[in-house]
Amino acid sequence: MQVNRREFLQMLAAASVAGFPLTGLTSSHGRGNMYDLPRYGNVSLLHYTDCHGQLNPIFFREPNINIGVGSMRNQPPHLVGEALLKHFGIEPGGKKSHAYTYLDFVAAAEKYGRVGGFAHLSTLVKQMKASRPGALLLDGGDTWGGGTGTGVWTNAQDMVDAQKLLGIDIATGHWEFTYGADRVMEIVENDFAPAGIDFIAQNVTDVDWGDQIFKPYVIREINGVNVAIVGQAFPYTPIANPRFMVEQWTFGIRPDDMQRQVDAARAEGAEMVVVLSHNGMDVDLKMASLVNGVDVIFGGHTHDAVPAPTPVKTPDGGTCLVTNAGSNAKFLAVMDFDFRDGKIQGWKYNLLPVFSNMIEADTEMQQYINNMRNQEVTFNGETFNMEDKLSEELAVTDSLLYRRGNFNGTFDQVIVDALNEQIDSQISFSPGFRWGTTVMPGMPITFEHVMDQTGLTYPAVTRNVMTGAQVKSILEDVADNLFHEDPFFQQGGDMVRVGGLKYAIDPTKGIGERILDMELDGKPLDPNKEYVVGGWASVQEQPAGDTGRVIWDVVADYLRDHKTIQIDNLNEPVVKGIGEDNLGYVPTSEI
């Protein structure tokens with residue numbers, strides 16, 4: 001029988017729902033050798049980060065563009081595709097190659113199926129904890145917010161209850177703060193504290209008095225070893241996200257304060273010190289070089305799936321191991337230490353891809369997810385069943401739709417095209433968020449896919465008039481956040497996504513000189529002429545040019561109108577100046 005790709009994917013989805021394994025399994029419970037990790041040493045830490053509310057298994061394509069500049073050029077995490085595999089000694093063409101890279105994505109995704117899912121992650125966590133008595137599960141943040149309908153509609157309660165059921169021990173945050181300071185404290189005090197979960201962040205203090213808002217660190221005893229975990233929340237929260245939501249809190253990188261907290265933990269009896277960070281990997285690498293006494297940094301924010309830690313020399317000649325554990329509940333990091341005679345004698349690290357067809361779903365977690373989604377909620381005056389709303393099929397895609405990468409992805413293209421068409425703008429901007437799931441060719445685009453890309457707590461769509469000079473200034477500012485040679489000046493997102501406008505970029509230049517050759521409708525952008533610019537996710541409490549519409553409705557209406565989506569010409573900038581040997585750049589046109 002001959003089937004096309006769309007029919008194949010429908011069969012795949014049906015088989016997955018029915019519980020049939022879709023790939024060869026080599027051990028009981030479908031875990032295979034990849035998940036059969038023998039215990040090593042006496043101290044174990046588990047880590048996941050940046051799941052962005054994704055409770056069910058998804059498809060997720062890793063980037064083909066992750067450019068590093070200056071000292072970060074051609075160094076982890078700025079490696080993609082074959083360069084990443086070669087650096088970490090991973091054979092191409094297998095499960096791990098698919099997990100860590102974009103290579104042959106569609107064919108590999110059809111072969112290996114979806115990734116992630118909290119029910120599958122829960123099974124893996126339970127297995128690792130059972131084989132590693134005393135192991136702690138660290139949640140690196142971006143768990144409640146950014147990219148989920150149920151999170152927006154339940155005010156993050158969907159993920160809070162899932163975290164408790166998953167058995168997290170310690171957490172820090174970033175998108176968590178976009179639910180507002182009051183909601184964060186309500187969860188920390190009423191949900192986390194009774195469950196024995198610590199929310200930690202040494203770099204969040206009161207604006208007026210400088211008091212710590214959260215515990216800066218906690219010390220947990222693991223098999224007789226006192227381990228301190230120091231929290232580092234996203235340092236640029238009030239800049240990258242709405243300030244008014246946390247107006248009484250200050251953030252920042254604060255390496256000097258980090259040193260003081262590490263010293264305090266050591267003085268209190270900590271024998272090992274780890275940092276649970278949401279800085280982004282480049283920032284963590286620099287911070288590790290400035291602070292003594294940290295053994296390992298479990299990092300997040302930049303969504304980099306890095307198979308092995310990067311060792312960094314500390315000022316006193318020690319070594320700090322810097323890790324980053326991907327996103328979307330797609331990975332679980334397992335780090336084992338052999339701690340004896342007052343020091344770490346050895347360690348082993350495994351970043352395990354969570355292939356949902358190879359791990360049985362945890363029954364209790366799956367039941368929770370199903371029940372949570374199948375409930376009625378009232379949001380903005382509308383009452384609806386969440387599962388029903390999320391399941392609406394809006395259109396079908398003939399193209400692979402994804403977001404992750406320094407510049408426009410194909411789902412970003414859908415969003416900016418929707419803005420230009422729906423609100424009649426000439427140029428459109430969409431934030432360079434790194435969250436958002438992937439839709440395979442031939443699949444229906446559901447309302448859930450739209451919420452995966454747009455579900456946040458400040459979704460207003462704006463329409464403003466800007467001069468060409470103002471447009472260039474916006475692009476330059478975002479490019480500096482992404483490509484500044486000093487990691488402490490980076491904010492960890494990707495380049496703003498652009499619709500209508502074409503341009504070139506030289507990441508190696510300084511601010512004001514990176515954006516080149518701007519054109520609209522085949523004509524150079526006039527710095528003095530005014531243009532209509534659409535956008536969304538303004539960080540202002542009352543955004544200028546608010547249209548009264550929210551982004552998910554704009555995109556959904558666009559998809560309903562078009563019914564079939566095909567991206568023939570991805571609006572990516574022409575990249576200049578980085579050199580042909582840049583290992584973080586594979587042009588989309590060459591894939």
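This briefing covers two sheets, a hairpin, a helix pair and one arginine. The model is predicted. One open sheet has 6 strands, and another open sheet has 5 strands. Helices lie against both: helix 10 lies across strand 6, strand 7 and strand 9, while helix 16 packs on the sheet that holds strand 20.

**The sheet of 6 strands**

- The strand order is 6-7-9-10-12-11, and the pairing is mixed.
- Strand 6 and strand 11 (310-313) are the edge strands, and each pairs on one side only.
- From one strand to the next, the twist averages 25 degrees.
- Strand 7 (residues 225-232) and strand 9 (residues 272-277) run parallel, joined by 6 bridges.
- G231 has L276 as its bridge partner in strand 9.

**Helices on that sheet**

- Helix 10 spans residues 255-267 and runs at about 160 degrees to strand 7.
- Helix 11 (residues 281-288) lies across strand 7, strand 9, strand 10 (296-299), strand 11 and strand 12 (319-324).
- Helix 11 runs at about 170 degrees to strand 12.

**R220 in strand 6**

- R220 belongs to strand 6, which covers residues 217-222.
- Its side chain reaches the backbone oxygen of D169 at 3.4 Å.
- A polar atom of the R220 side chain also lies 3.3 Å from the backbone oxygen of G196.
- Neighbours within four places in sequence aside, R220 is in contact with L136, D169, I170, G196, D198, V225, N226, V227 and I229.

**The hairpin of strands 15 and 16**

- Strand 15 (residues 376-379) and strand 16 (residues 382-385) run antiparallel and are joined by 4 bridges.
- E376 stands opposite N385 of strand 16.
- The two strands form a hairpin with 2 residues between them.
- N380 sits in the turn and has a positive phi of about 50 degrees.

**The sheet of 5 strands**

- This open sheet has the order 21-18-25-20-26, again with mixed pairing.
- Strand 21 (497-499) and strand 26 (546-550) stand at the edges with a single partner strand each, so one side of each has no neighbour in the sheet.
- The twist averages 25 degrees between one strand and the next.
- Strand 20 (residues 460-467) and strand 26 run antiparallel, with 2 bridges joining them.
- T462 has D546 of strand 26 as its bridge partner.
- Helix 16 (residues 468-483) touches strand 18 (427-430), strand 20, strand 21 and strand 25 (530-536).
- The direction of helix 16 makes about 125 degrees with that of strand 20.

**Helix 15 against helix 17**

- Two packed helices are described by the angle between their axes and the distance between the axes.
- The axes of helix 15 (residues 447-454) and helix 17 (residues 551-562) come within 10 Å and cross at roughly 140 degrees.
- Helix 15 and helix 17 are therefore oblique to each other.
- The crossing of helix 15 past helix 17 is right-handed.
- From helix 15, the contact is made by F447, V450, M451 and T454.
- From helix 17, the contact is made by I551, W552, D553, V555, A556, L559 and R560.
- By class, this contact has 8 nonpolar, 1 polar and 2 charged residues.

Note on methods:
Residues numbered from 1 in each chain as written. Predicted model: local features only at pLDDT ≥ 70, side-chain atom pairs only at ≥ 80, totals over all residues. Heavy atoms only, no water. Axes fitted to C-alpha atoms, helices over the stretch in contact; angles between N-to-C directions. Parallel < 35°, antiparallel > 145°, perpendicular 65-115°, else oblique. Left-handed = near helix turned anticlockwise from the far one by under 90°. Contact = heavy atoms within 4.5 Å. Nonpolar A, V, L, I, M, F, W, Y, C, P; charged D, E, K, R; others polar. Pairing = 2+ DSSP bridges. Polar contact = N/O pair within 3.5 Å; in protein donor to acceptor, adjacent residues only side chain to side chain.
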